[in-house]
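I am opening this notebook to keep track of what I look up, entry by entry, and of the reasoning behind each step. My plan is to begin with the domains and then go on to helices and single residues.

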Amino acid sequence: MIPRILTMLVALVLGSAAAAETIRLAVTTSFENSGLADVLLPAISEDLGLEVQLLVVGTGQALRLGEAGDVDAILVHSRTAEEAFVADGHGTYRREIMYNDFVFIGPKDDPAGVAEATSAADVLKRIGVTQPDFVSRGDDSGTHKKELALWQAADLSPERFGPWYREVGAGMGASLNTAAGLDAYILADRASWLNFGNKANLALLYAGDAALFNQYAYLAVNPERHPHVRNDLAVKLEEWLTGPRAAQLINGYAINGETLFVFNAKPE
Amino acid sequence: MSDIYEGLVSAFWLVVTLDPDLVQISLRSLQVSLTALFIASAIALPFGTFLAIRRFRYRRLAISLLNALMGLPPVVVGLIVYILLSRSGPFGVLGLLFTPTAMIIAQVIIITPLIASITHQAMRELWAEYHDLLISMNTSSGQRIRTLIWDGRRNLLTASLAGFGRAIGEVGAIMIVGGNIDNATRVLTTAIALETGKGDFALALALGFVLIALAIGINICIHWLSRTEREGRW
């Protein structure tokens with residue numbers, strides 16, 4: 001019986017099939033959770049015959065993957081970090097693709113009165129006064145960086161907050177789960193929120209300030225730094241992502257009748 | 001409670017309809033964990049037996065270390081394997097990061113000490129029984145190890161199955177070195193973590209039930225194939 005088990009094992013090991021042309025793209029959790037990837041990837045494979053392997057991580061880790069040359073390109077949303085990435089020579093340029101927006105989520109009874117706020121800074125000031133539970137991503141992701149920038153714009157610094165400010169150090173979905181469990185406030189991107197399945201007692205309380213816009217950019221990893229990256233494929237993918245088919249799919253993507261993304265890539 | 005019920009119902013439908021995604025990630029889970037188990041057993045069974053029969057200077061230290069390594073945190077193993085296999089790391093040229101091979105490497109590191117340690121415990125007792133016989137027959141150490149492994153195969157099966165259990169249920173390390181890429185490195189445990197993140201508890205639970213069923217199934221299969229616990233012999 002031992003040979004029989006061995007044969008089974010060998011069959012399993014050899015069973016892994018080889019794929020055609022593949023490119024590794026690091027994307028943020030918010031992009032993956034929005035469900036847009038499920039629309040774009042089949043179209044890319046149809047038009048370009050290219051299999052895009054997505055690594056879903058926070059913006060911080062996505063940039064690290066790009067710096068190490070472990071992926072061919074990245075799609076993230078944190079402008080200052082992206083510019084630093086290019087300035088350090090890890091990428092040659094950044095190309096803006098589309099944007100969506102961040103929204104404030106909180107308990108339906110809204111103890112901090114966030115729904116009546118007049119701006120994003122006003123939302124945070126109200127939260128700073130009432131001090132209800134607030135969940136922060138705390139994982140150096142694009143959303144986390146945005147949240148910190150917003151606190152700064154509201155003249156508040158999270159380091160000095162009490163235990164009501166909870167840094168969970170997790171992805172968007174896990175953080176939303178925590179907020180749902182605690183009945184806490186949280187900053188989320190609209191796409192992740194609409195696609196989130198465990199809304200519990202939470203509701204969308206504030207959106208619409210221009211400060212909450214969330215620009216996604218595409219950065220190909222510098223082939224001079226990492227000769228093994230498939231820059232040819234990365235450029236091909238960039239052309240597709242900034243082209244008419246992508247524009248139509250991105251602008252047309254909606255959940256429950258709400259469009260999520262606005263395509264804003266400029267032709268070269 | 002309704003989440004658990006919904007999870008059971010959707011698990012049932014996923015299995016009955018042979019959902020292609022489910023079949024694919026389940027097969028990949030098996031491929032990764034069984035390969036890791038095979039490699040780890042090939043290392044750990046002889047090594048654990050060797051530790052039981054040979055007396056050498058640092059034996060006690062080696063055994064304590066082995067026992068401590070049973071509790072090796074998978075996340076740390078994942079991180080170390082990740083750094084080693086990264087393009088900017090020492091083994092970067094191999095291009096193994098984010099492939100099933102990387103996941104197998106991480107799992108081998110995690111389960112080898114566990115299997116070796118259980119093997120050592122089992123073999124120590126068997127060696128006490130066989131000691132005089134094997135010594136009097138003037139056997140070489142290779143022959144002794146082979147004899148003990150063959151005669152102690154039931155115990156070794158338990159050791160290997162414990163390793164398999166740890167491998168198939170492991171998520172921390174393979175998430176880091178595999179990257180949970182759809183159609184490439186997604187396995188049951190990482191898919192469960194992903195669906196939990198999306199707040200889709202029903203699907204996450206369904207995958208969880210499939211994982212548990214798979215682990216039970218494999219255990220029963222291996223016992224059946226190796227004919228343990230049968231009447232008249234054991």
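**Entry 1: the domains of chain A**

I looked up how chain A is divided, and I found domain 1, made of 11-99 + 213-263, and domain 2, which covers 101-212. I note here that I am working with a predicted model. When I took the centres of the two domains of chain A over C-alpha atoms, I found 26 Å between them.

I then turned to the place where the domains touch, and there 19 residues of domain 1 of chain A are in contact with 20 residues of domain 2 of chain A. Which elements give two or more residues to the side of domain 1 that touches domain 2? I wrote down α2 (29-34), α4 (59-68) and β9 (213-220) of chain A, and I added that α2(A) provides the largest share of that side, with four residues. Sorted by class, this side of domain 1 holds five nonpolar, 13 polar and one charged residues.

**Entry 2: chain B as a whole**

I went on to chain B, where I counted 10 helices and zero strands. Along the principal axes, the C-alpha atoms of chain B fill a box of roughly 65 × 55 × 30 Å. Chain B has 234 residues, and 43% of them are buried. I also looked at contacts in chain B with a separation of 6 or more, and 78% of these are accounted for by residues 24 or more positions apart.

**Entry 3: where chain B touches chain A**

How many residues of chain B are in contact with chain A? I found 23 residues of chain B, in contact with 28 residues of chain A. On the side of chain B that touches chain A, α2 (20-53) and α10 (201-225) of chain B each supply at least two residues, and α2(B) gives the most, with five residues. The residues of this side of chain B divide into 10 nonpolar, nine polar and four charged.

**Entry 4: two helix pairs in chain B**

I reminded myself that two packed helices are described by the angle between their axes and the distance between the axes. With that in mind, I looked up α3 (residues 59-69) and α5 (residues 100-136) of chain B, whose axes come within 8 Å and cross at roughly 130 degrees. Angles of 65 to 115 degrees count as roughly perpendicular and those over 145 as roughly antiparallel, and α3(B) and α5(B) are therefore oblique to each other. Their crossing is left-handed. From α3(B), the contact is made by Ile63(B), Leu66(B), Asn67(B) and Leu69(B), and from α5(B) by Pro113(B), Ala116(B), Ser117(B) and His120(B). By class, I noted five nonpolar, three polar and no charged residues in this contact of α3(B) with α5(B).

The second pair that I looked up was α2(B) with α6 (residues 141-151) of chain B, which pack at an angle of about 115 degrees, with their axes 10 Å apart. I wrote these two helices, α2(B) and α6(B), down as roughly perpendicular to each other, and the crossing in which α2(B) passes α6(B) as right-handed. On the α2(B) side I listed Leu45(B), Pro46(B), Thr49(B), Phe50(B) and Ile53(B), and on the α6(B) side Ser141(B), Arg144(B), Ile145(B), Leu148(B) and Ile149(B). The residues of this contact of α2(B) with α6(B) divide into seven nonpolar, two polar and one charged.

**Entry 5: two residues with a positive phi**

Most residues other than glycine have a negative phi. I therefore made a note of Gln131(A), which is not a glycine but has a positive phi of about 55 degrees. Gln131(A) lies in the loop between α6 (120-130) and β5 (134-136) of chain A. In chain B, Asn180(B) is not a glycine either and has a positive phi of about 55 degrees, and its place is the loop between α8 (172-178) and α9 (188-197) of chain B.

Is Asn180(B) buried or exposed? I found 23 C-beta neighbours inside 10 Å, so Asn180(B) counts as buried, whereas Gln131(A), with 14 such neighbours, counts as partly exposed.

**Entry 6: Thr22(A)**

My last look was at Thr22(A), in strand β1 (residues 22-28) of chain A. Thr22(A) has 17 C-beta neighbours inside 10 Å and so counts as partly exposed. Leaving out residues up to four places away in sequence, I found that Thr22(A) touches Glu51(A) and Gln53(A).

Terms used. Residues are numbered from 1 along each chain as its sequence is written. Chains are lettered from A and ligands numbered from 1 in the order in which they are written. This is a predicted model: local features need pLDDT of at least 70, side-chain atom pairs count only at pLDDT 80 or more; totals for chains, interfaces and linings use all residues. Domain bounds come from an automatic or database domain assignment. Two residues are in contact if their C-beta atoms, placed from the backbone, lie within 7 Å. Ala, Val, Leu, Ile, Met, Phe, Trp, Tyr, Cys and Pro count as nonpolar, Asp, Glu, Lys and Arg as charged, and the others, Gly among them, as polar. Axes are lines fitted to C-alpha atoms, for helices over the stretch in contact, and angles run from 0 to 180 degrees between N-to-C directions. Angles under 35 degrees count as roughly parallel, over 145 as roughly antiparallel, 65 to 115 as roughly perpendicular and the rest as oblique. A crossing is left-handed if the near helix is turned anticlockwise from the far one by less than a right angle, and right-handed if clockwise. A residue is buried if 20 or more other C-beta atoms lie within 10 Å of its own, exposed if 12 or fewer, and partly exposed in between; C-beta atoms are placed from the backbone.
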